[in-house]
Amino acid sequence: MSKLKIGVIGCGSIARLRHLPEYAANQNVEIVAVCDSVEDRVKETAEMYNAKAYTNYEELLADSSIDAISVCLPNYLHAAVSIAASNAGMHVLCEKPMATSREEAQQMIEAASVANKKLMIGHNQRFVSSHEKARQLIANGELGKIYSFRTAFGHPGPEAWSIDGRNSWFFNKEQAFIGAMGDLGVHKTDLMRYLLGEEFVEVAGFVETNAKENTDIDDNAVCILKSESGIIGTLAASWAYTAQSDNSTIIYGEKAILRLEDDPQYSLIVHYTNGEVVKYELGAIQSNEEGGQHTSHVIDHFVSAIINDTDVLVSGEEGMKSLEVVLAALKSHQNKTIEKV
């Protein structure tokens, strides 16, 4: 079988650290095109992967030989570029958050459906080994009834790893639309929906700008979430975890408590009410820091879904549901109300 021809639009940090090296490592893929508005950046990237360089994404999408693209752009461009790629007959892997509104997300889903092409959203937390194991334990009834949870995702901020540092689009509200809640919080809304196997129906959010100067983008958020069966929990998303990042989740159940990514050695620890403790060494969660997981598994899953014509784990519909929780949190903070999702 001939290799899938891949284009990557946006050559910033997420493309350089995740998409491009993971495509390059996949034997079923050939990276044929890269695009970025910064000419030096895209030329350097193109040389690295022996690909054609574009500074205009529309010109890249005009190449009908390309099978699929990754959208690694500022949030406000996700929908427009994804829709254009679907219309051009290409499969799309779009970074999160998939869009800046429910309407945009719906348009992305419709465009992919009409074109009969895959649309996948890059929520990589579903592919973490400890999270997959926890979902299995919950589904098997190991915890009994779930009562509550707390989940957090925080680090010192995008300036530490974004290719443009403090000048990054992450701090420009027109380009980012959402800050820490879009960068990190949406990962956790998606993860909790995946682990619990149910939707959130109510959200109360405190979404603040209190850690970064000279920006009006949110950098610190704490939300209370309620699921359809009455599970309540907290979600924190922050660019203000100054000394050390946190990507942990704790789930409190009738028969046991799960601790996920909360221990430096054991990625999953189960404390049973009978006193038994089971510790799982399942490998590191993906991270841009040294020692982190080397593959997010997102690229391999996307490629496999195209080749085998199977459903993607994080579809446009799934991405939209996770986005809706974040949008409700923003609305809750703005209106000082508990919002229904």
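## Helix packing, sheet architecture and local backbone features

The axes of helix α1 (residues 13-25) and helix α2 (residues 39-49) come within 11 Å of one another and cross at roughly 25°. Since angles under 35 degrees count as roughly parallel, α1 and α2 are therefore described as roughly parallel to each other, and the crossing that they form is right-handed. On the side of α1 the contact involves R16, L20, P21 and A24, which meet R41, E44, T45 and Y49 in α2. Sorted by class, the residues of this contact between α1 and α2 comprise four nonpolar, one polar and three charged. The model in which these features are described is a predicted one.

A second helix pair is formed by α5 (residues 102-115) and α10, which pack at an angle of about 180° with their axes 10 Å apart. With that angle, α5 is roughly antiparallel to α10. From α5, the residues R102, A105, Q106 and I109 take part in the contact, while α10 contributes G316, E317, M320, L323, E324 and L327. The contact of α5 with α10 contains five nonpolar, two polar and three charged residues.

The strands β7 to β15 are assembled in an open sheet of nine strands with mixed pairing, in the order β14-β13-β12-β11-β7-β10-β9-β8-β15. Strands β14 (277-280) and β15 (339-340) stand at the edges of this sheet, and each has a single partner strand, so that one side of each is left without a neighbour in the sheet. In general, the strands of a sheet pair through backbone hydrogen bonds, in either a parallel or an antiparallel sense.

At the β14 edge, strand β13 (residues 268-272) pairs with β14 in the antiparallel sense over four bridges. Within this pairing, V270 stands opposite V278 in β14, and H271 stands opposite V277 in β14. The hairpin of β13 and β14 has four residues between the strands, and in this hairpin G275 takes a positive phi near 100°. Strand β13 also pairs with β12 in the antiparallel sense, in this case over five bridges, and here I257 is placed opposite H271 in β13. Four of the five residues of β13 are buried, so this strand is largely enclosed by the rest of the structure.

Helices are also found against the sheet. Helix α6 (residues 129-139) lies across β7 (146-154), β11 (249-253), β12 (256-260), β13 and β14, and its direction runs at about 165° to that of β12. Helix α10 (residues 316-335), already described as the partner of α5, packs on the sheet as well, where it touches β8 (200-208), β9 (220-227) and β15, with a direction that makes about 55° with that of β8.

Several loops carry backbone features of note. In the loop between β5 (91-94) and α5, where P97 is placed, a cis peptide bond joins K96 and P97, with omega of about -15°. Residue F177, in the loop between α7 (173-176) and α8 (180-196), has a phi near 70°, a positive value in a residue other than glycine. The relative accessibility of F177 is 32%, so this residue counts as partly exposed. A positive phi, of about 55°, is likewise found at K336, although this residue is not a glycine. K336 lies in the loop between α10 and β15, and at 62% relative accessibility K336 counts as exposed.

The loop between β6 (119-121) and α6 contains H123, which at 1% relative accessibility counts as buried. Leaving aside residues up to four places away in sequence, H123 touches K96, V186, H187, D190, V314, G319 and S322. Among these contacts of H123 is K96, the residue that is joined to P97 by the cis peptide bond.

Note on methods. Residues numbered from 1 in each chain as written. Predicted model: local features only at pLDDT ≥ 70, side-chain atom pairs only at ≥ 80, totals over all residues. Heavy atoms only, no water. Pairing = 2+ DSSP bridges. Helix = DSSP H or I, 4+ residues; strand = E, 2+ residues; numbered from the N terminus. Contact = heavy atoms within 4.5 Å. Axes fitted to C-alpha atoms, helices over the stretch in contact; angles between N-to-C directions. Buried < 20%, exposed > 50% of the residue type's maximum accessible area, 1.4 Å probe, protein only. Parallel < 35°, antiparallel > 145°, perpendicular 65-115°, else oblique. Left-handed = near helix turned anticlockwise from the far one by under 90°. Nonpolar A, V, L, I, M, F, W, Y, C, P; charged D, E, K, R; others polar.
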